[in-house]
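Work through the following exercises with the model open beside you, and check each step of a solution against the structure before moving on.

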Amino acid sequence: MILMDLCSPRTIRQLMEEYQIAFRKDYGQNFLINPAIPARIAESCCDERESVILEIGPGIGSLTRELASRYKKVVALEIDKGLIPVLKKTLADCDNVILVNEDVMKTDLKLLLEKETGASPVSVCANLPYYITTPILMKLLESGIPFDYITVMIQTEVADRLCASAGSPEYGAITAVLNYYGTAKRLFAVSAGNFMPAPKVGSTVIRIECFKAPPFELKDASLFFEIIKSAFGQRRKTLSNAISHLFPMLTKAAIGEIITTLGHRPDVRGERLSSGDFAALSNALYLAKNSVK
Ligand code: SAM
């Protein structure tokens, strides 16, 4: 048992001095200094204690230890090689932690987790580096790995987007895309004073419950994502104007008719459509485009 409070600023400074390392802004390093928070994140990240947890960015290991004491195994991916000797010390007594010194964006997660999880359920838990929040979330969602939950601390502004309802100002392309893979729920907010160094933005922990199967059938998944991207890329335009360039074989009137047949106003904007609405629209447009000779 390591008798070290990893959330104490004094301990963090001592470890950094001992291993001659400094906080790396370029890696989004803001370490938690309130022990109640990693405990609360770990407690709420997953219902199944037999799960394997993928942690991205263990830092000096405060959340990792909380996860290791609750779940079957933790696979912790840390990009900063300067932190690896620190983690080897702070996690020395955690037999169920696999430490991997890699960039999550370059790691074949499927291969790594297949090797480490076997038949166990798998979830993600992380205090994410904010400079790459969206790419990491998209990589996790698109990975095809059957995660039960993805619980992450992210900047509040992104959390607001991910948890938004269709039609609200925060609702965006990422919300519609996320809702194809799962549903996001806000767990709790964490103020900047709970980190060292303190970030300039507020933070919120969210939990994404991942769907076991796609919530709707897509005739062409890439068309679905393209339509969402175009609909939000030009937010001021009506939906039919924003997506018409994707369908040069269809007249604007034909696209407009499909939109109204699906129950929307002819001048509807993309931000009013739910993920399911986009699925119905992309399937109808797929059929229309393929019926044109
Ligand atoms: N988990 C620790 C905590 O809560 O105190 C540290 C969280 S800190 C916000 C983000 C961590 O992610 C840092 O340890 C950083 O080095 C790591 N990180 C940044 N980019 C990464 C990447 N591409 N792949 C893996 N880890 C990364």
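A cavity is a set of grid points, computed over the protein atoms alone, where a 1.4 Å probe fits but cannot get out. The model used here is predicted.

**Exercise 1.** Determine which cavity the ligand takes up, and describe the residues that surround the ligand.

*Solution.* Begin with the space itself: the ligand occupies the largest cavity. Next, take the residues around the ligand, of which there are 24, with Gly-57, Glu-78, Asp-103, Asn-127 and Tyr-131 being the closest. Finally, sort this shell by character, which gives twelve nonpolar, seven polar and five charged residues.

**Exercise 2.** Identify polar contacts of the ligand, and state how much of its area the protein buries.

*Solution.* Start with the side chains: Asp-103 places a polar atom 2.8 Å from a nitrogen atom of the ligand, while a polar side-chain atom of Asn-127 is 2.8 Å from a ligand oxygen atom. Then turn to the backbone, where a polar atom of Gly-59 lies 3.3 Å from an oxygen atom of the ligand. The ligand taken alone exposes 600 Å², and the protein buries 99% of that.

**Exercise 3.** Describe how the two assigned domains are placed and joined by contacts.

*Solution.* First set the bounds, since the domain assignment gives domain 1 as 9–210 and domain 2 as 221–291. The C-alpha centres of domain 1 and domain 2 are 35 Å apart. Last, consider the contacts, in which 13 residues of domain 1 meet eleven residues of domain 2.

Terms used: Residues numbered from 1 in each chain as written. Predicted model: local features only at pLDDT ≥ 70, side-chain atom pairs only at ≥ 80, totals over all residues. Heavy atoms only, no water. Near = heavy atom within 4 Å. Polar contact = N/O pair within 3.5 Å; in protein donor to acceptor, adjacent residues only side chain to side chain. Areas by Shrake-Rupley, 256 points an atom, 1.4 Å probe, with all protein chains shown as cover. 1 Å grid on protein atoms, 1.4 Å probe; cavity = no way out; pocket = protein on both sides within 12 Å on 5 of 7 lines; lining within 4 Å. Sits in = over half its atoms within 2 Å of the grid points. Nonpolar A, V, L, I, M, F, W, Y, C, P; charged D, E, K, R; others polar. Domains from an automatic or database assignment. Contact = heavy atoms within 4.5 Å.
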